[in-house]
Amino acid sequence: MDDKLKIIELENESYLVKVLPQRGFKISSFIYKKNNFEVFHQPQHEFNNLKEKYPKGIEGDLFINYDTSGCDDCIPTIDPCEVEFASATLNDHGETWYKEFDLIDSGENYVQGSTTLSSMPIKFIKKVNLSNDGIKIDYSAINKGNKKCGFMWSLHDLTKLTKDSYLELPEPFSYINVQNDEKWDFDVRIMKNLEKNKTYKFYYDKKLSKGEASLVYPSDNMRYTVKFDLNNTPYLGVWITTGGYKGETNLAIEPSTSFYDSLKKAVNNDTAIMLNPGERFSWNIELDLNELS
């Protein structure tokens, strides 16, 4: 790993959290200390023959060429696309995962940073807070320009999978496969049902009844839960790879401001977050990691 890479640790009686402000403000580790359970997928590769787990990304390069682990953000898009108010084609997985954030403030149980998107004058602010209940992430996006522009945001939390893992998702469970036209005749929420060396991506196709989704680890007696406010993050997607992406196995519970996966689609279906000059949009996410009761 790069010896100069800054790692900020937040720790209390229950948790140890690590944040990488120079790598998109990624939360690289979220550990439940009682049993040393790490929920986030860890780097599986080393890059450039330099023993780097977290290589510095290059603007415009493909996300797949870099570290795919931990918890970061997709903004202003997930899929590459073009929109009229952006100065360039929008990058794969957005524009913050490769950026070095400016540190705004930090304390014993929090760290806050910001960056500005490359393709439009939106300032993105992120604050990671640690409490006895887990992590709370506060976000804001501010249009610093003189013209209207917008974005979509999605959480990108790559969690580890075990053979007996399963998802607990809001009912009724009604979804659309957004990756291809394949029809699933099995319950995609149960990991043992999934075929190896494949990828899966689905979104809820109806309004959610609850802003909460969990991944359960029975053999580890643990539950990871993402909580989100349906007033500002009303959509939910799930990404799963059983080895089909880079040979890695992980899952992401992805609440989103918009539907789905490209800002261009979100603009066309009126779910993009459009900001007038000087306008701010704020939202938050909670990440809980606890033993099964």
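# Salt bridges, cores and a cavity in a predicted model

At 35% relative accessibility, lysine 136 counts as partly exposed, a class that lies between buried (under 20% relative accessible area) and exposed (over 50%), with a 1.4 Å probe and protein chains only. The model is predicted, so local features need pLDDT of at least 70 and side-chain atom pairs count only at pLDDT 80 or more, whereas totals for chains, interfaces and linings use all residues. Residues are numbered from 1 along each chain as its sequence is written, and side-chain values use heavy atoms, with hydrogens and water left out.

**Salt bridges**

- The structure holds 16 salt bridges, each a side-chain nitrogen of Lys or Arg within 4 Å of a carboxyl oxygen of Asp or Glu.
- Lysine 136 is paired in this way with aspartate 138, at 3.7 Å from N to O, and aspartate 138 is likewise partly exposed, because its relative accessibility is 25%.
- Lysine 198 and glutamate 182 form another salt bridge through their side chains, at 3.0 Å from N to O; both residues lie in the loop between strand S13 (175–177) and strand S14 (199–204), so the pair ties together parts that are 16 residues apart in sequence.
- Within that pair, lysine 198 counts as buried because its relative accessibility is 18%, whereas glutamate 182, at 32%, counts as partly exposed.
- Aspartate 261 and lysine 201 also meet in a salt bridge of 3.0 Å, N to O, and this pair links distant parts of the chain, 60 residues apart, with aspartate 261 in the loop between strand S18 (248–256) and helix H1 (263–268) and lysine 201 in strand S14; helices (H or I, at least four residues) and strands (E, at least two) are DSSP runs numbered from the N terminus.
- Both members of the aspartate 261 and lysine 201 pair are buried.
- Salt bridges with shared partners also join Lys26, Asp67 and Asp72 into one network.

**Nonpolar cores**

- The largest nonpolar core, a set of buried Ala, Val, Leu, Ile, Met, Phe, Trp, Tyr and Cys residues joined through side-chain atoms within 4.5 Å, has 76 residues, and those with the most contacts inside it are Phe30, Phe151, Tyr224, Leu263 and Leu287.
- Strand S20, residues 280–291, gives the most to this core, contributing five residues.
- A second core, separate from the largest, has eight residues, which include Tyr66, Trp97, Tyr98 and Ala252.

**Two buried threonines**

- Threonine 159 is found in strand S11 (residues 154–160) and counts as buried because its relative accessibility is 1%.
- Leaving aside residues up to four places away in sequence, threonine 159 touches Val39, Phe40, His41, Leu215, Tyr217, Tyr224, Asn250 and Leu251, where contact means heavy atoms within 4.5 Å.
- Threonine 271 sits in the loop between H1 and strand S19 (273–275), and at 11% relative accessibility threonine 271 counts as buried.
- With residues up to four places away in sequence again left out, threonine 271 touches Tyr235, Thr257, Ser258, Phe259 and Ala266.

**Cavity**

- The structure holds one cavity of 30 Å³ or more, a cavity being a set of points, on a 1 Å grid over the protein atoms alone, where a 1.4 Å probe fits but cannot get out.
- About 100 Å³ of space lies in the largest cavity, the volume being that filled by probe spheres set on grid points joined across faces, edges and corners.
- Residues lining the largest cavity include Lys26, Asp67 and Asp72, together with Tyr66, Trp97 and Tyr98; lining residues have an atom within 4 Å of a point.
- The salt-bridge network of Lys26, Asp67 and Asp72 is therefore found among the residues of this lining, which also include Arg23, Tyr54 and Phe63.

Conventions. On a 1 Å grid over the protein atoms alone, a cavity is a set of points where a 1.4 Å probe fits but cannot get out, and a pocket is an open set with protein on both sides within 12 Å along at least five of seven lines; lining residues have an atom within 4 Å of a point.
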